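Here are a few worked exercises on one chain. Have a go at each task before you read the solution, with the viewer open.

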Amino acid sequence: MKAPVLVAHALERRVRLRAPALAGHRRACERVAEQLAADPGCEVVTVRPATGSVIVERLEGALDPERLRGRLAELVNEARDDEGHLLVAPRSDAHPGPTRVARAVAHAVAAINADVREAMDYRADLGTLLPVVFATAGLAEVGVTRRLPAPAWFNLLWWSLRSFMTFNPGAVSEELRTAIGGDAPSDPAFAGGGPGAAGPPRGER
């Protein structure tokens, strides 16, 4: 089965493609970038292993998105992982998986996070910067108002649910396995979160 390659966004001199099979394979991404950059029409090629996003740019002349998609598809279908196996698209299983809107939002956030990491010379990303920003904003608010407001009920509800999922990953995973009739997929949101875990909604004043 051939791995899909899509045109995510296209301008005259800049085309962004998506090759899900490349996600998580840094060395394969490097090899594909080198091969794609050998094309005279591809002056700048950026491949992001975290998302499988491929950005092609040129200084003069127009890019042909469909030609690039076809060429990238050839390279991806010939690429191999570190163990020498052909790359394949992420496998779908019994779990319904994310919606198209969820995938679009996740892809956009991952692209922004990759830009932030590059701008910070890989010293920080959104997962490290946002908690610092929110904590600083909270302390500044308390310092300015000179009072510590009680959290709203929906904040307390969110924290209670989040705490349960954080400290009871086994129970959550077992329930997911029962619901879908098989092994539950690994989901950071149900295993205590991490840099990409969502935070509680902010209460209105």
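**Exercise 1. Find the partner of R67 and say where the two residues sit.**

Solution. Start from the charged side chains. This is a predicted model, and in it R67 pairs with D39 in a salt bridge, with 3.0 Å between the closest N and O atoms. Next, place the two ends: R67 belongs to helix α2 (residues 65-78), while D39 is in the loop between α1 (26-37) and β3 (44-48). They are 28 residues apart, so the bridge links distant parts of the chain. Last, check accessibility. R67 comes out at 41%, which makes R67 partly exposed. D39 has a relative accessible area of 19%, and because the cut-off for buried is under 20%, D39 counts as buried.

**Exercise 2. Compare that with the salt bridge of R69: how many residues separate R69 and E66, and in which helix?**

Solution. First the contact itself: the side chains of R69 and E66 form a salt bridge at 3.1 Å, N to O. Then the spacing: both are in helix α2, 3 residues apart, which means about one helical turn lies between them. R69 is partly exposed, at 28% relative accessibility. While you're on salt bridges, there is also a network: R48, D115 and E118 are joined through bridges that share partners. The structure holds 8 salt bridges.

**Exercise 3. Work out which strands are linked by the salt bridge between R14 and E57.**

Solution. Take the distance as step one: the two side chains meet at 3.6 Å, N to O. Step two is the location. R14 is in strand β2 and E57 in strand β4 (residues 53-57), with their positions 43 residues apart, so this pair also links distant parts of the chain. Step three is accessibility: R14 has a relative accessible area of 28% and counts as partly exposed. E57, at 27%, is partly exposed as well.

**Exercise 4. Is R16 buried or exposed, and what is the nearest side chain of opposite charge?**

Solution. Locate R16 in strand β2 (residues 14-18). R16 is buried, yet has no salt bridge. Now look for a candidate partner: the nearest side chain of opposite charge is D115, 5.4 Å away. A salt bridge needs a nitrogen within 4 Å of a carboxyl oxygen, so the pair doesn't qualify. To finish, list what R16 does touch. Leaving aside residues up to four places away in sequence, the contacts include L6, V7, A8 and H9, along with R48, S53, V54, I55, H107 and A111.

**Exercise 5. Classify the packing of helix α3 against helix α4.**

Solution. The inputs are an axis separation of 10 Å and an angle of about 85°, for α3 (residues 100-119) and α4 (residues 126-145). Angles of 65 to 115 degrees count as roughly perpendicular, so α3 is roughly perpendicular to α4. Then name the residues at the contact: V109, I112, N113 and V116 come from α3, and they meet L126, G127 and L129 of α4.

**Exercise 6. Describe the aromatic pair.**

Solution. Two numbers do the job, as a ring pair is described by the distance of the centres and the angle of the planes. The structure holds 1 aromatic pair. W153 and F154 make up this pair, with 5.6 Å centre to centre and 80° between the planes, so the geometry is edge-to-face. As for accessibility, W153 is exposed at 64%, whereas F154 is partly exposed at 29%.

**Exercise 7. Use A50 as a reference point for the loop between β2 and α1.**

Solution. Two residues of that loop will do: G24 and P20. G24 is 26 residues from A50 along the chain, and their C-alpha atoms are 5.7 Å apart. For P20 and A50, 30 residues apart along the chain, the C-alpha separation is 9.6 Å. G24 counts as exposed, with 64% relative accessibility, but P20 is partly exposed, at 23%.

**Exercise 8. Put the whole chain together.**

Solution. Count the elements: 6 helices and 4 strands. Read from the N terminus, they run β-β-α-β-β-α-α-α-α-α. Of the 205 residues, 22% count as buried. Finally, among contacts between residues at least 6 apart in sequence, 59% join residues at least 24 apart.

Note on methods: Residues numbered from 1 in each chain as written. Predicted model: local features only at pLDDT ≥ 70, side-chain atom pairs only at ≥ 80, totals over all residues. Heavy atoms only, no water. Buried < 20%, exposed > 50% of the residue type's maximum accessible area, 1.4 Å probe, protein only. Lys, Arg positive; Asp, Glu negative; His and termini not counted. Contact = heavy atoms within 4.5 Å. Phe/Tyr/Trp six-rings, centres within 6.5 Å; stacked < 30°, edge-to-face > 60°. Axes fitted to C-alpha atoms, helices over the stretch in contact; angles between N-to-C directions. Parallel < 35°, antiparallel > 145°, perpendicular 65-115°, else oblique.
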